[in-house]
Structure formats: C-alpha cells, structure tokens
Amino acid sequence: MTHELEDLAADIDAACRIRGSFTLRSGTVANEYFDKYRFEGDPALLRRVAEAMVPLLPADTEVLGGLELGGVPIATVVSSLTGLPAVFVRKEAKTYGTCRLAEGGDFTGKTVTLIEDIVTTGGAVRNAAVALRELGATVHTVVCAIDRSEPGKNTLGEIELATVSLLTKADLDAVQR
C-alpha cells in the first residue's frame, strides 16, 4: 500500500470506526461499529476516495452504476471527475412513476461498472448485476471503496463479476489509531 493510500485508510478508519454498544443486523451486540456514511458525508474524504477509485475503473467503462444507497455519492463524484455518465441502481424497481430499477441515463447495450461503498457478501451487487444484465447492460466489474468480505463469502466470481477494491478490512485494521 502506498503512503498516500495508507493515509487515506487511516483517515477513513478514524472517521468511521466508532466504539460503544451496537446491535448488528445479525442481532449480535458489538462494541465497535464501522459507520461508512461518515466518510461519504465528508466532502473532502469522499473526494479523496473517489479520486483514488478512478484509476481502478476498467478501461471499457461507459456508464457508472451507483448502488443504492452508499454507492450513489461515490458514483456521483467519480462521474464528476471522469465525465462518465452515472445511473443510480435501486435495490428493486419502484412501483410508481417510471417504475425503473436504474434512474438516470440510458445504459442498454453499454458497459456499466458498478460502484459500491462496501462489499461484505456481495448480495446487493449480485442482484444489481443480474438485473442490469437482464436489461441489456454488460456488467463485469464492481469497484468498491472497501472490501470487507470474509474469505469464501464473496461469491461474485460465480456470476463472472470481478471485485476491485480500493481498501480492505485488513487495510483499515492495520492503520487503526
């Protein structure tokens, strides 16, 4: 890891790792929690994350697909930095209005690179990739800010979806203050 990336990891960890008593989605009570929205809500930190993610984009990217909710701010800043259009991918299509799964421009027949804040199991990414493919997009890569997946838990390779991450949980743990 470069010194610049190590500094970014330390700043993200300092902003997002909080201590207390937290009930996790699984029902487990933990004394530590990683609040990803703290880096996404900080404009300077969000910009640094987005700038560091730009070189990770596959060369054939035509559209960025920001996943609801955490991928949307990152995709917006990456779009601004690169000039690539972005679409915002819902967990499920709305049942009113346009009834669309992905809001924004046209992506049919184009290569969409998914943008996500954190990948843990890859479930939401998998669902988005499959749905966008069914709607005519080519989706072969997700670029995430942080890959927190446990060995063997990220199964995106099973659907031929590569995961490219800026940082991992191990990177954040290594710089903990």
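Me: How many helices and strands are there in the protein chain?
Reply: A heads-up before you zoom in: this is a predicted model, where local features need pLDDT of at least 70 and side-chain atom pairs count only at pLDDT 80 or more, while totals for chains, interfaces and linings use all residues. Residues are numbered from 1 along each chain as its sequence is written, and side-chain values use heavy atoms, with hydrogens and water left out. The elements are DSSP runs numbered from the N terminus, with helices being H or I runs of at least four residues and strands being E runs of at least two. On that basis, the protein chain has six helices and eight strands.

Me: And in what order do the elements of the protein chain run from the N terminus on?
Reply: Helices and strands are mixed along the chain, with an α element at the start and another at the end. Written out from the N terminus, the order is α-β-β-α-α-β-α-β-β-β-α-β-β-α.

Me: What is the radius of gyration of the protein chain?
Reply: Here that radius is taken over C-alpha atoms, and the globule rule is 2.2 Å times the number of residues to the power 0.38. For 177 residues the rule gives 16 Å, and the model comes close to it, so the chain is as compact as a globular protein of that length. Along the principal axes, the C-alpha atoms fill a box of roughly 45 × 35 × 30 Å. The radius of gyration itself is 16 Å.

Me: What percentage of the residues of the protein chain count as buried?
Reply: Buried means under 20% relative accessible area, exposed means over 50%, and partly exposed is in between (1.4 Å probe, protein chains only). Of the 177 residues, the buried share is 41%.

Me: How many positive and negative side chains does the protein chain have?
Reply: Lys and Arg count as positive, Asp and Glu as negative, and His and the chain ends are not counted. Each charge is placed at NZ of Lys, CZ of Arg, CG of Asp or CD of Glu. The centres of the two sets lie 5 Å apart. The tally is 18 positive and 25 negative.

Me: Let's look at Arg17. With which side chains does the side chain of Arg17 make polar contacts?
Reply: Arg17 lies in strand E1 (residues 17–23), and its relative accessible area is 11%, so it counts as buried. A polar contact is a pair of N or O atoms within 3.5 Å; within protein, one must be able to donate a hydrogen and the other to accept it, and residues adjacent in sequence count only if both atoms are side-chain atoms. Arg17 has such a contact of 2.8 Å with one acidic partner and another of 2.8 Å with a second. The partners are Glu32 and Asp173.

Me: Which side chain makes a polar contact with the side chain of Asp117?
Reply: Asp117 sits in strand E6 (residues 111–119), and it is buried, as its relative accessible area is 1%. Contact means heavy atoms within 4.5 Å, and beyond four places in sequence Asp117 has contacts including Phe39, Glu40, Gly70 and Cys144. The polar contact, at 3.1 Å, is with the side chain of Lys36.

Me: Is Leu114 buried or exposed?
Reply: Leu114 is in strand E6 too. Leaving out residues up to four places away in sequence, its contacts include Leu67, Val125, Leu132, Val139 and Val143. With a relative accessible area of 0%, Leu114 is buried.

Me: Which residues does a cis peptide bond join?
Reply: Most peptide bonds are trans. In this bond omega is about -5°, and one partner, Leu69, is in the loop between E3 and helix H4 (71–82). The two residues joined are Glu68 and Leu69.

Me: What is the phi of Glu160?
Reply: Glu160 is in the loop between strand E7 (138–147) and strand E8 (162–168), and at 67% relative accessibility it counts as exposed. Most residues other than glycine have a negative phi. Glu160 is not a glycine, yet its phi is positive, at about 55°.

Me: One last stop: how far apart in space are Pro55 and Leu166, C-alpha to C-alpha?
Reply: Pro55 is in the loop between helix H3 (43–53) and strand E3 (63–67), and it counts as exposed at 63% relative accessibility. Along the sequence, Pro55 and Leu166 are 111 residues apart. In space, C-alpha to C-alpha, the separation is 9.8 Å.
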